[in-house]
Amino acid sequence: MNRYPWWKYAMLAVAFVIGLLYTLPNFFGEAPAVQVSSGKVTLKVDSSLVPRVEKALADAQLKPDFVQFDGNSVRARFGDTDTQIRAKDVLSRALNPDASDPAYIVALNLVSRSPTWLTSMRALPMYLGLDLRGGVYFLMQVDMKAALTKRAEALTGDIRSLLREKNIRHTGIARDGNLVRVTFREDATLQAAQAALTAALPDLQWDAGTSGSGERQLTGTLKPQAAIAVQQAALKQNITTLHNRVNELGVAEPVIQQQGADRVVVQLPGVQDTAKAKDIIGRTATLEVRMVDDSTEAAAAAIGSAPVPFGTERYVERGGAPLIVKRQVILTGENLTDAQAGFDGQNHEPAVHLTLDAKGARVFRDITRENIGKRMAILLFEKGKGEVVTAPVIRSEIGGGRVQISGRMTTQEANDTALLLRAGSLAAPMEIVEERTIGPSLGAENITKGFDSVMYGFAAIAVFMCCYYLLFGVFSTLALAFNLLLLVAILSMLQATLTLPGMAAIALTLGMAIDANVLINERVREELRNGSSAQTAIQAGYERAWGTILDSNVTTLIAGVALLAFGSGPVRGFAVVHCLGILTSMFSAVVFSRGLVNLWYGRKKKLKSVSIGQVWRPGAEAGKSAQA
């Protein structure tokens, strides 16, 4: 009656082993490490950097615990902080011979002390949030007026090009703040322009009127929906750009999210150097398009046998080859509206598709028509240093504002090039309105307090359950421990970020999880009180309590999902742990505790009583117990 088939015990055993393996890394703590990441957006870090780091450390007689590539950086772990600091100096000198233009960012960091065999199984500890690990907090204000002004400036160029194409004469186009004013001499011309502009630019609302000088005038304003869309797009692009920049700091789990309509919160756990963080976040990158000098003098200058010709500059391509580029700037990043990786329509080769604004399209069409067969270089400038992203050959005149770059390019290179072209300056200026630095000692104190609260809460529940329900209380306590094990393991597997609200959710989960066991135990007592046999009472207790447990947990889960869907920041972190804790508690309270009860009592055919505390019976039976 109360026996599990072997596969259920196997399932519980596998769950226990997996839970134990993925929970263990959280108990090893962190060790000092040195992280090497790219210092330039055009330089990509890969596994080939690992041997260079190992050689530099070996030459300096420094022995790391390991050196590994983790996706976008190389990390070397050490046994103590003195060796860590020496290693940072050694790697800075070895990897950055030119200190004025560092190619790599060499930073101090912390990594888990987990054994290699655990790490090889992807058993990694949870990330710790800003309140537990310490770090830097920024609240940044986005200048939405500047975003709208930038959009109005771009629309002014589009209007000028459109009227030229439609052969509609005007006496002037001017931008007044976020308004665009177009003046005409005749009403018929104004009406024709209004019809053409309304059809081509649906984001603008056009109103006819008279200017101060008495001329007929069209005034264009962004529609409210379009203005909101421009502001939201600027905010999203700023957040994306900040993500790209923060990755250079080597922060494990940065938090960059929108707060309100025009603010962005940036949390960098583990970063203590506020000045360095400000430098990275406030970094500006600009794009320039120039022509390549293919003269004989330029070719000689590229190999170093002659001076650089007048009016040109020497740059380096991504592959390391030198390139002589003319100083004259044809286009800038302000003329580029989008860059996406794709495929060539003719040869089906990887390509990068660019979209230019009206001014950029007109200039690009003229330049490509006059320079067929020549190379055009796209340069990215950062910190005053420029590098060539790509230098394709112009095959034909390119008009319409859509440009395709292809040839000798892999799919990954196309994606990287598109990312570099999209990255750059922020869509709208931002300023830091609030900043805070949380020291590591305060984070450690928060961890200790949070851990103590969970452990004391668990101990109090365990003592009460064991005293009140005896052996069934022990089973309930073991199920609660199994629930905690599974919850921490799942959070570690998901590489979730644990914060103080998350620890509060764990403590709350313990209190809520034991409710299911209380319902089961009381239901078993009720069956015993009604005269059922011990085995029948166990079976009926679990089966009849299941409906109540499911209903109560589902309603609580709905509230947790609502917090997850509509909350942000600490509320969202609390909701994640809360929802996962509900799911693990249902499994541990019903399946795992039933397995323990079946294992202990299921093999006894003539079971007369169970150890579940005092069972009060009415009438003459009062006072008797069902204690084993």
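Between which two elements is the loop where Asn-167 is found? In this predicted model, Asn-167 sits in the loop that runs between α6 and β7 (172-176). Its phi is near 60°, a positive value in a residue other than glycine. Asn-167 is also out in the open: a relative accessible area of 64% makes the residue exposed. Gln-61 tells a similar story, with a positive phi of about 60° although this residue is not a glycine either. Here the setting is the loop between α2 and β2 (66-69), and at 74% relative accessibility Gln-61 counts as exposed.

Another loop worth a look is the one between β1 (30-38) and α2 (49-59), where Ser-47 is found. Ser-47 comes out as partly exposed, at 48% relative accessibility; the cut-off for calling a residue exposed is over 50%, so Ser-47 does not make it. Ser-47 and Asn-72 are 25 residues apart in sequence, while their C-alpha atoms are 9.2 Å apart in space.

Moving on to helix α7 (residues 187-200), the geometry checks out. Its 14 residues should span 20 Å at 1.5 Å a residue, and the end C-alpha atoms are indeed 20 Å apart, so the two values agree. The buried residues of α7 are Thr-189, Leu-190, Ala-193, Ala-196 and Leu-197. Because these residues cover an arc of only 135° around the axis, they lie on the same side of α7. Ala-188, Gln-191 and Ala-199, on the other side of the helix, are exposed. As for what sits over the buried residues of α7, the cover includes α6 (144-165) along with the strands β8 (179-184), β9 (204-210) and β10 (216-222).

Next, the nonpolar interior. The largest nonpolar core has 50 residues, and those with the most contacts inside it are Phe-472, Ile-538, Tyr-601, Val-610 and Ile-612. The elements that give two or more residues to this core are α1 (6-23), α13 (440-493), α14 (500-529), α15 (534-566) and α16. Helix α13 provides the largest share, with 15 residues. To zoom in on one of the well-connected members, Ile-612 is in contact with Tyr-468, Tyr-469, Phe-472, Asn-521, Val-524, Arg-525 and Leu-528, once neighbours within four places in sequence are left aside. Phe-472, then, is both a contact of Ile-612 and one of the core residues with the most contacts.

Helix α16 (residues 570-601) also holds a polar residue to look at, Ser-593. Ser-593 has a relative accessible area of just 1%, so this serine is buried. Not counting residues up to four places away in sequence, Ser-593 touches Phe-475, Ala-479, Asn-517, Tyr-542 and Ser-588.

That leaves the cysteines. A disulfide is a covalent bond between the sulfur atoms of two cysteines. The count of disulfides in the model comes to zero. Take Cys-467: the closest cysteine sulfur, in Cys-466, is 6.9 Å from its own sulfur, which is too far for a bond, given that a disulfide needs the pair within 2.5 Å. Cys-467 counts as exposed, since its relative accessibility is 59%. Cys-579, by contrast, counts as buried because its relative accessibility is 10%.

Technical notes:
Residues are numbered from 1 along each chain as its sequence is written. This is a predicted model: local features need pLDDT of at least 70, side-chain atom pairs count only at pLDDT 80 or more; totals for chains, interfaces and linings use all residues. Side-chain values use heavy atoms; hydrogens and water are left out. Helices (H or I, at least four residues) and strands (E, at least two) are DSSP runs, numbered from the N terminus. Buried means under 20% relative accessible area, exposed over 50%, partly exposed in between (1.4 Å probe, protein chains only). Contact means heavy atoms within 4.5 Å. The expected span of a helix is 1.5 Å times one less than its number of residues. The arc is that of the directions from the helix axis to the C-beta atoms. A nonpolar core is a set of buried Ala, Val, Leu, Ile, Met, Phe, Trp, Tyr and Cys residues joined through side-chain atoms within 4.5 Å.
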